[in-house]
Amino acid sequence: MASDQDQLRLVSPAINQEGKLPRKYTDEGQGAKRNLSPPLEWYNVPEGTRSLALVVEDVDAQDPSGPIVPWTCWVAINIPPTLKGLPEGFSGKEEEVGGDYASIKEGNNDHKVPGWRGPKLPSHGHRFLFRLFALDDELNVGNKVTKEKVLEAIEGHVVGEAELTTKF
């Protein structure tokens, strides 16, 4: 059994001790300091990992008709396992950043557009769950990548998983 030190870990240097997501990563930021994707770092990628997939959801989102339904903020697939993280503001800049980052494919969030879309909340205190999956293969889910397609495609291919929860 692997110890906690050997487990895949996901962290963000931008999230403080209380686990708060700073305003610049939300739709409530100011000007250029608004809707930036947060920087992420990961450690202990399992041996045999061929790609990583990231799914970020607001797990406290309220459906207008009542029930709580997770709201997708970000989906990214085919992240090379050689990368140790994603820099701040990376979303939408795969080509620009280039190198190993160019192979990353961002999926649609629940605003129906690709990339990170930070929260603009009717009320604060929502939890955001960042999930990183280490996979034994690359994903091919067609041109339109969605959380649902990703979660279905990774079945049977997950060799490691890490979570990070933050609040806004």
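**Exercise 1. A bridge partner in strand E8**

Which residue in E8 is the bridge partner of Ala134?

*Solution.*
Step 1. Note the source: this is a predicted model.
Step 2. Look at how E7 and E8 are joined. Nine bridges link E7 to E8, and the two run antiparallel.
Step 3. Read off the partner. Ala134 is bridged to Gly160 in E8.
Step 4. Take a second pair from E8. Arg127 stands opposite Lys167.

**Exercise 2. Judge the confidence**

State the mean pLDDT of the protein, then find where confidence is lowest and where it is highest.

*Solution.*
Step 1. The average pLDDT is 89.
Step 2. Of the residues, 91% score at least 70.
Step 3. The lowest confidence is in helix H1 (residues 94–97), with a mean of 86. The highest is in E2, at 98.
Step 4. Keep the caveat in mind. Where pLDDT is low, the predicted coordinates should not be read in detail.

**Exercise 3. Write down the topology**

Count the helices and strands, then give their pattern along the sequence.

*Solution.*
Step 1. The secondary structure comprises two helices and eight strands.
Step 2. Along the sequence the pattern reads β-β-β-β-β-α-β-β-α-β.

**Exercise 4. Assemble the five-stranded sheet**

Give the strand order of the open sheet of five strands, and support it with bridges.

*Solution.*
Step 1. The order is E6-E4-E3-E7-E8, with antiparallel pairing.
Step 2. Find the edges. E6 and strand E8 (158–167) are the edge strands, and each pairs on one side only.
Step 3. Start at E6. Two bridges join E4 to E6. Ile77 has Lys105 in E6 as its bridge partner.
Step 4. Move on to E4 and E3. Six bridges join this antiparallel pair. Val56 stands opposite Trp74 in E4.
Step 5. Continue to E3 and E7. They pair in the antiparallel sense over eight bridges. Ala53 stands opposite Phe133 in E7.
Step 6. Finish with E7 and E8, joined by nine bridges.
Step 7. Check the cover. In E7, eight of the nine residues are buried. In E4, eight of the nine residues are buried too.

**Exercise 5. Assemble the three-stranded sheet**

Determine the order of the three-stranded sheet and name its edge strands.

*Solution.*
Step 1. The order is E1-E2-E5, an open sheet with antiparallel pairing.
Step 2. The edge strands are E1 (9–11) and E5 (85–86), each pairing on one side only.
Step 3. E1 pairs with strand E2 (residues 40–43) over three bridges, in the antiparallel sense.
Step 4. Name one pair of opposite residues: Arg9 faces Tyr43 in E2.

**Exercise 6. Two positive phi angles**

Locate Asn44 and Asn78, and say whether each is buried or partly exposed.

*Solution.*
Step 1. Recall the usual case. Most residues other than glycine have a negative phi.
Step 2. Read the angles. Asn44 has a positive phi of about 60°. For Asn78 the positive phi is about 55°.
Step 3. Place them. Asn44 is in the loop between E2 and strand E3 (51–58). Asn78 is in strand E4 (residues 71–79).
Step 4. Apply the cut-off: buried means under 20% relative accessible area. Asn78 has 11%, so Asn78 counts as buried. Asn44 has 33%, so Asn44 is partly exposed.

**Exercise 7. A histidine in a loop**

Describe the position, cover and polar contact of His126.

*Solution.*
Step 1. His126 is in the loop between strand E6 (105–106) and strand E7 (127–135).
Step 2. The relative accessible area of His126 is 9%, so His126 is buried.
Step 3. Its side chain makes a polar contact with the side chain of Asp58, at 2.8 Å.

**Exercise 8. Test the overall dimensions**

Compare the radius of gyration with the value for a compact globule, then describe extent, burial, surface and contacts.

*Solution.*
Step 1. For 168 residues, a compact globule would have a radius of gyration near 15 Å. The protein has 15 Å, so the two agree.
Step 2. The C-alpha trace spans about 45 × 35 × 35 Å along its principal axes.
Step 3. Of the 168 residues, 46% count as buried.
Step 4. The accessible surface is about 8,900 Å², and 47% of that belongs to carbon and sulfur atoms.
Step 5. Take contacts with a separation of 6 or more. Residues 24 or more positions apart account for 72% of them.

Notes: Residues are numbered from 1 along each chain as its sequence is written. This is a predicted model: local features need pLDDT of at least 70, side-chain atom pairs count only at pLDDT 80 or more; totals for chains, interfaces and linings use all residues. Side-chain values use heavy atoms; hydrogens and water are left out. Helices (H or I, at least four residues) and strands (E, at least two) are DSSP runs, numbered from the N terminus. Buried means under 20% relative accessible area, exposed over 50%, partly exposed in between (1.4 Å probe, protein chains only). A polar contact is a pair of N or O atoms within 3.5 Å; within protein, one must be able to donate a hydrogen and the other to accept it, and residues adjacent in sequence count only if both atoms are side-chain atoms. Two strands pair if DSSP finds at least two bridges between them. The radius of gyration is taken over C-alpha atoms; the globule rule is 2.2 Å times the number of residues to the power 0.38. Contact means heavy atoms within 4.5 Å. Accessible areas come from the Shrake-Rupley method with a 1.4 Å probe; for residues, only the protein chains shown count as cover. pLDDT is the predictor's confidence in each residue, from 0 to 100.
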